[in-house]
Amino acid sequence: MGKKILMKGNEAIGEAAIRAGCLNYFAYPITPQSEVAEYLVKRMPEVGGVFVQGESEVAVGYMIFGASGAGARVFTTSSSPGVSLMSEAISYIAGAQCPAVFVNIIRGGPGLGGILPSQGDYFQATKGGGHGDYHMLVMAPASVQEAVEMVMLAFPLAEKYRNPVMILGDGLIGQMMEPVEFPDDLRTEPTNKDSWATSGMKSRGSTERNLVKSLYLDPTQLNDHNLNLKAKYDQMKAEEVRYEPYNTDGDYKILIVSFGTMSRVCRTAIDFLKEEGIEVGMIRPQTVFPFPDAPIRDAAVKESCKAVISIEMNMGQMVEDVERCLKGQRPVHWYGKCGGDVPTPEEIMEVIKERL
Amino acid sequence: MQHEVMFAGFGGQGILSIGKILAHAAMESGYEVAWVPSYGPEMRGGTAYCLVVISDRPIGSPIIKNPKHLIAMNLPSLKKFAPVVKPNGVVLINSSLAPERSGRDDVDEIRVPVSDIAKDLGSIRAANIVALGSFVARSKILDFESIREAVKEEFRNKEKLIPLEMEALDRGKAEALK
């Protein structure tokens, strides 16, 4: 690890991608993540990398597909409306089993919405966005440091699964400055790129043709293809669940499930309540797909725990996953706000006290 | 220990920049820090502000509605934020542009004509650094030497300005301790 430096989330995300060996960045500017492009337009040429600004997010999505199909490590960053435009390409990339990294610094929606922090794209990120049976592996950072670590992890995971990986941040993660330390340089070529890249049979010493495609007109073939994809998502559920428990050692009556920026506010509320003698536990999903079903279920069914509250900066999206994994074993409530009016710790304390 | 410092003024007064310098100095002094800018839809010439959180523990919520301290570089920001400062915090008012008081008797209010001092020193653009010097000296939030180093770091690509900025810090400090 290097020296601690003070960096804006958006800039740190750009630097993290370079440190992870990604030298291809295609993007289209949108608040609140434009600083990634501003940073990389200067930084990419210094490391021999490429930044191309597409004419739209639709174009950017297919630039990502093309570069990945050719075996290059590639990523883009955008914010909610831009990610909607990219979603068609994300579906194609998942269908063609190419690795790529997408960063969504969420702003308020729907439509143009606003430019302030939100978690309104949870469904879009975890349940599809584009068409067809696919999932991205989705990680949600709660600090600038964690954003860096997740971006660096995203590339090897995308290659391991030959699948798009998304970093799901929000406007605060993008705009805030915090101290960061960059892990040592991880630059590597995608080790398994010969399995998909259209790099030329001769160049990889193969007699097998690689074909990047998502079209399967034969129904049996398409079903088999979807079963292959499903097997990957099942493997992610078995191997890639990441979460952080907070204050779960004591006898808490309430368990909170919260991710990203919202979880930091909850952490402060939990600390304040502890000072008042009220114990509240929290599970913070770091991966929202795969979702930490078992850890949340285990924490919720603890004898002392009477209820679970899903706290989100949206109108109740993750709460459906919490209900799904609890299967009615505990009452599940939701609290949330939209539009960038991030709830305060005091508001969260009130919400918790109402459920005690 | 946790301090939250709100810096507020007109766009162009170097508000975000002194917030960053304070955050940098705090980080170098071994604290956890977060710097949160306002990036909402603001009018040109409207109020720009940023919040710096300094703590000896990992920072939970970086969104603070009631900061401990306020540096108000103009009148609109004094009016907007003085009522929400926590009791016993420092409220530093740029009296060159805000000829009013905070209306609070439970805070440590200091009035420093930072814009006039900066003009005296030869550059109105150093007003933010005068304010920073005053604030740090008064609040004792960090060791003054760490601020000096952070200002030098901020101006490392404009080295010829460093003597002016050091003088601005010292003038600010002297005013705050009067």
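## Stop by stop through the model

Start by selecting C325(A): the closest cysteine sulfur to its own, in C305(A), is 12 Å away, which is too far for a bond. You are looking at a predicted model, where local features need pLDDT of at least 70 and side-chain atom pairs count only at pLDDT 80 or more, while totals for chains, interfaces and linings use all residues. For your selections, residues are numbered from 1 along each chain as its sequence is written, chains are lettered from A and ligands numbered from 1 in the order in which they are written, and side-chain values use heavy atoms, without hydrogens and water.

**Cysteines**

C325(A) is buried, at 1% relative accessible area (buried is under 20%, exposed over 50%, partly exposed in between, with a 1.4 Å probe and protein chains only). Go on to C22(A), whose sulfur lies 14 Å from the closest cysteine sulfur, that of C98(A), again too far for a bond. C22(A) is buried too, with a relative accessibility of 0%. How many disulfides does a search of the whole structure find? Zero, over all chains, taking a disulfide as a pair of cysteine sulfur atoms within 2.5 Å.

**Aromatic rings**

Next, show the rings of Phe, Tyr and Trp (its six-membered ring), which pair if their centres lie within 6.5 Å; planes under 30 degrees apart are stacked, over 60 edge-to-face and the rest tilted. This rule gives nine aromatic pairs over all chains. Select Y62(A) and F65(A) for one of them: the ring centres are 6.5 Å apart and the planes make 50 degrees, so the pair is tilted. Y62(A) and F65(A) are three residues apart in helix α3 (residues 57-69) of chain A, so about one helical turn separates them. Helices (H or I, at least four residues) and strands (E, at least two) are DSSP runs numbered from the N terminus. Colour the two by exposure and Y62(A) comes out partly exposed at 29% relative accessible area, whereas F65(A) is buried at 13%.

Now jump to chain B and pick Y49(B) with F81(B), an edge-to-face pair at 5.0 Å centre to centre and 65 degrees between the planes. This pair links distant parts of the chain, since Y49(B) is in strand β3 (residues 47-55) and F81(B) in helix α2 (residues 75-81) of chain B, 32 residues apart. Y49(B) is partly exposed, with 23% relative accessible area, while F81(B) is buried at 7%.

Back in chain A, select Y25(A), F51(A), F75(A) and F155(A) together: these residues form one aromatic cluster.

Two charges are worth a stop as well. The charged end of R19(A) sits over the ring of F182(A), 4.7 Å from the ring centre, and in chain B the charged end of K173(B) sits over the ring of F144(B), at 4.6 Å from its centre. Sitting over a ring asks for NZ of Lys or CZ of Arg within 6 Å of the ring centre and within 35 degrees of the ring normal.

**Enclosed spaces**

Switch to a surface view. On a 1 Å grid over the protein atoms alone, a cavity is a set of points where a 1.4 Å probe fits but cannot get out, and a pocket is an open set with protein on both sides within 12 Å along at least five of seven lines; lining residues have an atom within 4 Å of a point. Two cavities of 30 Å³ or more turn up.

The largest cavity holds about 50 Å³ of space. To frame it, select residues of its lining, including V74(A), P99(A), F155(A), P190(A) and W196(A). Helix α6(A) gives the largest share of this lining, three residues. Which elements each supply at least two residues here? They are β5 (100-106) and α6 (144-161) of chain A.

For the second largest cavity, at about 30 Å³, the lining includes V83(A), I90(A), Q124(A), M136(A) and M166(A). Two or more of its lining residues come from each of α4 (80-96) and α5 (122-127) of chain A. The largest share, three residues, belongs to α4(A).

**The largest pocket**

Finish at the largest pocket, with a volume of about 1,200 Å³. Of its 39 lining residues, select S17(B), K20(B), E154(B), F155(B) and K158(B), the closest to the centre. Both chains take part: β1 (5-8) and α2 (34-46) of chain A, together with α1 (15-28), α4 (127-139), α5 (144-154) and α6 (162-176) of chain B, give two or more residues to the lining. The largest share, five residues, comes from α1(B).

Technical notes: Grid points are joined across faces, edges and corners, and a volume is the space filled by probe spheres set on the points.
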